[in-house]
Amino acid sequence: MDSQAAQTAQNLELVKGLGLTSATTLVMGSMIGSGIFIVSADIARMTDSPALLIAAWVVTGFMTITGALCYGELAAMMPKAGGQYVFLREALGPLWGFLYGWTLFLVIQTGTIAAVGVAFGKFLGYFFPSVSADNWILHIPPFHIGGMAFDRVGLTTQSLSGIVIVLLLTFINVFGVRTGAIVQNIFTVAKVGSLALLIVVAVFVGANYQAITQNFGDFWRNASLSAIHPIDMPGGGIALVGTLVVIAVAQTGSLFSADAWNNVTFTAAEVKNPSRNLPLALSLGTGIVIALYIAVNFVYLMVLPLHGDKFGFSDMARGIQYANEDRVGTAVMLQMFGATGAAVMAVAILISTFGCNNGLILSGARVYYAMAKDNLFFKSVGKLHPVYKTPVMALVIQAVWTCVLCLSGTYGNLLDYIVFAVLIFYILTIFSLFVLRKRRPEAERPYKAVGYPVLPAVYIVLALFIDIVLLRYKTQYSMAGLVIVLLGVPIYFIWSRRNQAATV
C-alpha cells in the first residue's frame, strides 16, 4: 500500500471527534504546562535584566505565532494523521519524515511529557516535601558518555510522581479521542482561567512598590547590544557573551514553555472540517497563550524584584532569580496572599501540568500510528482498538519510553535535550512550505500563510541562530540531540530494506 492510500485508509479508521473548540484547547492546553511558572527564574538569572526577560518571551512569541501561521497552510493542505511527519514526508521525502518521527519518539514528545511530569512532582512537593528531586529511591552512580555527564540518573520521589501521571493519562486516552478531548477542554479552561486571574489580581491587588521601583526603574539594565553577559559553560568555567547570544541561550526555557502548539496537526484526521478548523485553532491558540505568557512575566516584575539574595529566607528576599525551586508562580502568590495564595497557585499549576500532559499524550501517539501505517514503525503500533478506535500500542510504547526519560535527569536537563532537536524540525518544516509552493503550485490551499515569504524566512534565520548558539554554549545537551537525529539515518535504511525484503 503506498503512503497516500495508507493515509486515506487511516483517515477512515479514526473518529472525527474534535471540533474547533477542542482543537483550540488542544493547542492551548499542550502549550500551557509548567514552564511559564518556572523558567522565568533561569532566564532572569542568565540575563540579569528585566528588559531581556521580556525580550526572551517576545522573541519566542513571534517565532511561535509565525510557525503556527505556516503550519496552518500545511495542515489545511494535508489534514492527515501524523501532521508534521506527513508535511516533511511529502515535501522532503520519507527519510525526513522518519527522522522527525524517530526524534519525536526518542526526545521531543516523550522528553516533553517527561519534563512536564517531573514538573508535576516539583509542585506536588510544595504540599508534600518528601516529593523532591533530592529524595532518591534509586540513584545510579554518575557516568559519562563521550563528553556528556550523567550525574542525576535514577528514581526520585519527584520523578516517580511524573511516572504515575504519565501512566494514568495514557490509560485515560485509551478510551477514545472524545474522552481525551473532554479532559483537555476541562483542564485547559481551568488553567487559562488561572493565568488570567493571576494577571488581574496582580494588577489590581498585588503590585509591590519595591519590585516596581527596582524592575521598572532600571528596566533596561544590561540590555544594550554592547553589554557583556557571563554564562556557565557545560564543561565548567564561564563564557562572556553578547546580548543577542544570551537571549538565544536563555530562550531554551521560553521556547520549551511555548512549544507543542504543533501537536494539533498530529490529530488532523480526527478534526472536523480540518481545512477551516486547523488554521483557526493554531492561530487562535498560539495568539491567546503568547499574550498570556508575556502579561504573566510583567506580573512577575510587578510583584517580585528581579534581583535577590540566593540564600534569602523568604521568596520575596530571593526575588525572581532565586525563587525557591524556581517556582516563580507560587512565589508571586506567596508575596500577595501568603501561604494560602501559594497553595492555591500550586494547585493551579498541578492542574495545568496534568492537562498539558493529557494533550501531549493524546497527540503524540498519532504520529507513531501514521509511521506504522507507512511501515516505518512496529506494525502493531498501526492498529486501533476495536471499540475505542485509539492507537493503543502507540500510547503504550510512548508511555514506556517516557517513564525511562523521567529517570534521566532534572527538569532543566530535559529542556536542553528537547529544544535543540525540536528547532531543527521546525526549520525543516517551514522550509517545506517554500518547497511545496514551488513543487505543487496547483495544490488546493484553503488557507495561505500570512506574511509569506518574509515571516517564514525570518523564522528560519532566528531558529538557525539559536541552534548554532546552543551547539556552542549548551554543547552537552544539544550535541546529544543532534546525535539522536543522525542515528535515525541508518535506522531508516535498515527499516526500509527490511520492508522491501518482506514484500518481495
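The exercises below treat charged side chains and enclosed space in a predicted model.

Residues are numbered from 1 along each chain as its sequence is written, and side-chain values use heavy atoms, with hydrogens and water left out. Because the model is predicted, local features need pLDDT of at least 70 and side-chain atom pairs count only at pLDDT 80 or more, whereas totals for chains, interfaces and linings use all residues.

**Exercise 1.** Determine which parts of the chain are tied together by the salt bridge of E73 with R437.

*Solution.* Begin with the criterion, by which a salt bridge is a side-chain nitrogen of Lys or Arg within 4 Å of a carboxyl oxygen of Asp or Glu. The closest N and O atoms of E73 and R437 are 2.8 Å apart. Next, place the partners: E73 belongs to helix α4 (residues 50–77) and R437 to helix α16 (residues 411–439), so the bridge joins parts that are 364 residues apart in sequence. Helices here are DSSP runs (H or I, at least four residues), numbered from the N terminus. Finally, E73 has a relative accessible area of 1% and is buried, where buried means under 20% relative accessible area, exposed over 50%, and partly exposed in between, with a 1.4 Å probe and protein chains only.

**Exercise 2.** Describe the setting of the salt bridge between E90 and R440.

*Solution.* The closest N and O atoms of this pair are 3.0 Å apart. Since E90 lies in helix α5 (residues 84–92) and R440 in the loop between α16 and α17 (454–473), the pair ties together parts that are 350 residues apart in sequence. E90 counts as buried at 16% relative accessibility, while R440, at 25%, is partly exposed. The last step is to widen the view: R89, E90, D374 and R440 are linked in a network of salt bridges.

**Exercise 3.** Establish what surrounds K191, a residue of helix α8 (residues 177–206).

*Solution.* K191 is buried yet has no salt bridge, and the nearest side chain of opposite charge, that of D259, is 14 Å away; for this search Lys and Arg count as positive and Asp and Glu as negative, with His and the chain ends not counted. Turning to contacts (heavy atoms within 4.5 Å), and leaving aside residues up to four places away in sequence, K191 touches G29, I32, S352, G355 and C356.

Conventions. Helix = DSSP H or I, 4+ residues; strand = E, 2+ residues; numbered from the N terminus.
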